[in-house]
Amino acid sequence: DAIEDIVSIIWQNSKSSRKQNILLLGPTGVGKTEIIRIIAQKLNIPMVIANAPSLTQNGYIGESIEDVLSNLLSKCNNNVKRAENSIIVIDEIDKLAGNKFTGNDVATTGVQDELLKLVEDGEYTIDVSKDMMSKEPIVINTKNIPFIAIGAFSELLKEKQENNYGDKVMGFN
């Protein structure tokens, strides 16, 4: 059922002017990331996977949001239109959630802010001059790029089980 739902949303995104993003949650090791990888491969849709815990704010050591878009562009052979109709997966998104013990640092709040800008259906400018012959920055419109956030969210699942929610949807339906 999950696979059919994901394929349906990806197909609807290609036909609609308003994309849907996906939050895929489940226990570690059940194949969430592999499902998305296979779907993208079967549908011949370019996809990049960013590991949320390794993301940092632009300018810090680590992979930035700009690096994720550069990787996507590279995977699409620098074809901006193809990149704008691809999939970006943010794996282990639950690890980015701040808690009362973490402050405003490059591994939490700053990355969350940059991810929100990226997901908000706008134009994102990336400087590819260091990677390509082009001296001009490239603008990628994220309006048609579905973002699939994947995480275990073990505390959320635990709460659902403890409060006996059953099959009821949690969150915003």
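**Exercise 1. Work out whether Lys81 is buried, partly exposed or exposed in this predicted model, then do the same for its salt-bridge partner.**

Step 1. Start with Lys81, whose relative accessible area is 60%. Exposed means over 50%, so Lys81 is exposed.

Step 2. Now find the partner: Lys81 forms a salt bridge with Glu84, and their closest N and O atoms are 3.7 Å apart.

Step 3. Glu84 has a relative accessible area of 11%. The cut-off for buried is under 20%, so Glu84 is buried.

**Exercise 2. Go through other salt bridges and describe how covered their partners are.**

Step 1. The structure has four salt bridges in total. Take Glu34 and Arg37, where the closest N and O atoms are 3.1 Å apart.

Step 2. Look at where they sit: both are in helix H2 (residues 32-42), three residues apart, which is about one turn of the helix.

Step 3. Check the cover. Glu34 comes out at 39% relative accessibility, so it counts as partly exposed. Arg37 is also at 39% and is partly exposed.

Step 4. Move on to Asp94 and Lys95, with closest N and O atoms 3.9 Å apart. Asp94 is buried at 17%, while Lys95 is partly exposed at 47%.

Step 5. Follow the shared partners, and Glu92, Asp94 and Lys95 turn out to be joined into one network.

**Exercise 3. Find out which elements build the largest nonpolar core.**

Step 1. This core has 25 residues, and among those with the most contacts inside it are Leu69, Ile90 and Leu115.

Step 2. List the elements that each give at least two residues: helices H3 (65-75) and H5 (109-119), plus strands S2 (47-51), S3 (87-91), S4 (123-126), S5 (138-141) and S6 (147-151).

Step 3. Pick the top contributor: H3, with five residues.

Step 4. Zoom in on Leu115. Setting aside neighbours within four places in sequence, Leu115 touches Ile65, Ile90, Ile93 and Leu96.

Step 5. Don't miss the second, separate core: it has 14 residues, including Ile9 and Met47.

**Exercise 4. Sort the residues of S4 by face, and find the strand it pairs with.**

Step 1. Tyr124 and Ile126 make up the covered face of S4, and Glu123 and Thr125 the uncovered one.

Step 2. S4 runs antiparallel to S5, and four bridges join the two. One example is Glu123, whose bridge partner in S5 is Asn141.

**Exercise 5. Locate a nonpolar patch on the surface.**

Step 1. Leu23, Leu25 and Leu156 form a patch of about 230 Å².

Step 2. Place Leu23: it belongs to strand S1 (residues 22-25).

Technical notes
Residues numbered from 1 in each chain as written. Predicted model: local features only at pLDDT ≥ 70, side-chain atom pairs only at ≥ 80, totals over all residues. Heavy atoms only, no water. Patch = residues over 30% accessible without salt bridge, like charges linked within 9 Å, V, L, I, M, F, W, Y side chains within 5 Å. Areas by Shrake-Rupley, 256 points an atom, 1.4 Å probe, with all protein chains shown as cover. Salt bridge = Lys/Arg side-chain N within 4 Å of Asp/Glu carboxyl O. Core = buried A, V, L, I, M, F, W, Y, C linked by side-chain atoms within 4.5 Å. Buried < 20%, exposed > 50% of the residue type's maximum accessible area, 1.4 Å probe, protein only. Contact = heavy atoms within 4.5 Å. Pairing = 2+ DSSP bridges.
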